[in-house]
Amino acid sequence: MKSFYIETFGCQMNVHDSEKVIGTLERRGLEQVTTPDAADLVLFNTCSIRDKAEQKVFQRLSENKRSKGKIFGVLGCVAQQEGERIFEKAPHVNLVVGSASYPKLGELLVQIEQGERRVTGLSLDSDDTFETPMTRRDNPHRAYITIIEGCDKSCAYCVVPYTRGHERSRTSESVLAEARELASKGYSEIQLLGQNVNSYRDPSPMGWNFAQLLEAVGRVEGIRRVRFTTSHPRDFGKDIVDAMDRTETLCNMVHLPVQSGSTNVLRAMQRQYTREQYMERIEWLKASKRDIALSTDIIVGFPGETEEDFAQTLRLLDEVEYDSIFSFKYSVRPNTPAQGMGDQIPDEEKGRRLIVLQERQRAIQIRRNTALVGTEQEVLVEGFNSTTGQWIGRTSQNRVLNFTVGQQKARDEMIGRYLPVRVTRAGPNSLAGECAIAV
Ligand code: SAH
Ligand code: SF4
Ligand code: F3S
């Protein structure tokens, strides 16, 4: 094996896992290539959160059929969920590894090199988190750090507890060491990751909770921005807001998935909070002296969701006024408690509710973005759009702000810089502006 190709589906945890897998493979002397055709080892790092995501990998596997000597591997959540059944569905697959077994990836590859046809890593009882001496990060300015893996909640609709295993936190010391190392390499933005990042519990004698770790990462010299995702409402304490108030580097944004605005639906989903408890957390965030942007995830059409339940979700959007939302039609997932629930909502009705919800939110976003016209925002420059001639920046609130500068500039003079930008126009999903200083 000399070369590998990897394709990643799913959430940021998967994206970062792939960065670590790439680092592990490069350390073993393999070279990353950009097409499956050119690779000896073809890997798909998969997601099974909804049925559509799961289907994608089987489609990709059927498009990339067996060829002599080529090794195919399925990693991630579909690997863990389907296990050896993947060999039946796609017989050319040689390697099936769930994320809890990545610390063993090296050993598994040796087995393949020794000629084994089918190798699996599917154990979920690992106490390890996946740390590698080398991580191949894609972006030279913004870096992910996983602080907690797995999930100990049991939301009725969700596969993650089965695909990622139980919760394992890293020590605060190793997280801080990584943050310092990143800062010394020139990274200025850090994103702390976890399925429920705020359920973090330092396993070392320090015993820090999430708010303590967050503040400490925010104080690492050289780090200008810290984000974190995803926060679970049940474990979202006021101490997190207090840490944000005290620590300027912590970005003005919180992603707090509500899933539904109806306490009845939340109970059926086993979310472990009521609408009122969720709104209490929103009030803490709104009372902050920072201007914290809010985003959320919503599922429409969970079994038994009535018109009134759905109306409560719409009212919640109006009350909170999120800056952005991710919304999904409920998708039945294998082995989850909700799989066999009665009163499944027809797909057409789920589709209708999704459109109503998204239209309602679109109006809110236009209003909220328009309110920023005339203000000055600091952006981290992330790229250049040659079609529009605009630089692409991101504000502390995680808004995309496309902007122009007085003079033509080369990419490496601009990308990674922090610049003040005056907002001149607003759309539902982004802002446009002009750089407020001569660069
Ligand atoms: N741990 C996070 C969510 C991670 S999964 C939390 O608890 O908030 C990301 C999102 O996918 C969820 O917030 C949910 O909105 C959505 N999702 C999960 N399972 C789903 C399913 N079966 N159907 C539709 N959406 C789902
Ligand atoms: Fe899934 Fe719930 Fe765990 Fe989030 S908290 S990953 S929705 S089981
Ligand atoms: Fe998907 Fe697994 Fe992430 S199911 S959303 S890749 S944890």
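This is a short dialogue on reading some features of a predicted model.

Reader: Let's start with the ligands. Which residues are around ligand 2?

Author: Happy to begin there. The idea is to list the residues near the ligand and then sort them by class. In this predicted model, ligand 2 has around it Cys151, Lys153, Cys155, Tyr157, Cys158, Val160, Pro161, Gln195, Asn196, His232 and Arg271. Sorted by class, that shell holds six nonpolar, three polar and two charged residues.

Reader: And what surrounds ligand 3?

Author: Cys11, Asn14, Thr46, Cys47, Ser48, Ile49, Cys77, Arg164 and Gln195 surround ligand 3. Four of these count as nonpolar, four as polar and one as charged. Look for Gln195 when you turn the model: Gln195 is listed in the shell of ligand 2 and also in that of ligand 3.

Reader: Now the strands. Is E11 largely enclosed or open?

Author: For a question like that, we check each residue against a cut-off: buried means under 20% relative accessible area. In strand E11, residues 225-229, five of the five residues are buried, so the strand is largely enclosed by the rest of the structure.

Reader: Which way do the residues of E11 point?

Author: Arg225, Arg227 and Thr229 point one way, while Val226 and Phe228 point the other way, and all of them are buried.

Reader: How does E11 pair with E10?

Author: Here we look at the sense of the pairing and at the bridges. E10, residues 189-193, pairs with E11 in the parallel sense over five bridges. To find the pairing by eye, look for Leu193, which stands opposite Thr229 of E11. Between the two strands the chain passes through helix H8, residues 210-218, and this β-α-β crossover is right-handed.

Reader: Is helix H8 largely enclosed or open?

Author: Eight of the nine residues of H8 are buried, so the helix is largely enclosed by the rest of the structure. Its buried residues are Phe210, Ala211, Leu213, Leu214, Glu215, Ala216, Val217 and Gly218. Their cover includes helix H7 (172-184), E10, E11 and helix H9 (238-246).

Reader: What is the general idea behind a nonpolar core?

Author: In soluble globular proteins, nonpolar side chains tend to be buried together. The largest nonpolar core here has 54 residues, among which Ile147 and Leu192 touch the most other members. H8 supplies the largest share of this core, six residues. Beyond its neighbours within four places in sequence, Ile147 is in contact with residues including Val175, Leu192, Leu193, Val197, Phe210 and Leu213. There is also a second, separate core of 20 residues, with Tyr5, Val33, Ala39 and Val96 among them.

Reader: Could we practise on single residues? Where is Val423, for example?

Author: Good choice. For one residue, we ask about its element, its burial and its contacts. Val423 sits in strand E18, residues 418-426. With a relative accessible area of 1%, Val423 is buried. Gly374 is 49 residues away from Val423 along the chain, yet their C-alpha atoms are separated by 5.3 Å. Leaving aside neighbours within four places in sequence, the contacts of Val423 include Leu372, Leu401, Leu431 and Ala432.

Reader: And where does Asp291 lie?

Author: Asp291 is found in the loop between helix H11 (275-287) and strand E13 (293-300). Asp291 is partly exposed, because its relative accessible area is 47% and partly exposed covers the range between under 20% and over 50%. Not counting residues up to four places away in sequence, Asp291 touches Asn252 and Gln397. Asp245 is 46 residues from Asp291 in sequence and 10.0 Å from Asp291 in space, C-alpha to C-alpha.

Methods:
Residues numbered from 1 in each chain as written. Chains lettered and ligands numbered in written order. Predicted model: local features only at pLDDT ≥ 70, side-chain atom pairs only at ≥ 80, totals over all residues. Heavy atoms only, no water. Near = heavy atom within 4 Å. Nonpolar A, V, L, I, M, F, W, Y, C, P; charged D, E, K, R; others polar. Buried < 20%, exposed > 50% of the residue type's maximum accessible area, 1.4 Å probe, protein only. Helix = DSSP H or I, 4+ residues; strand = E, 2+ residues; numbered from the N terminus. Pairing = 2+ DSSP bridges. Right-handed = clockwise from strand over helix to strand, strands pointing away. Core = buried A, V, L, I, M, F, W, Y, C linked by side-chain atoms within 4.5 Å. Contact = heavy atoms within 4.5 Å.
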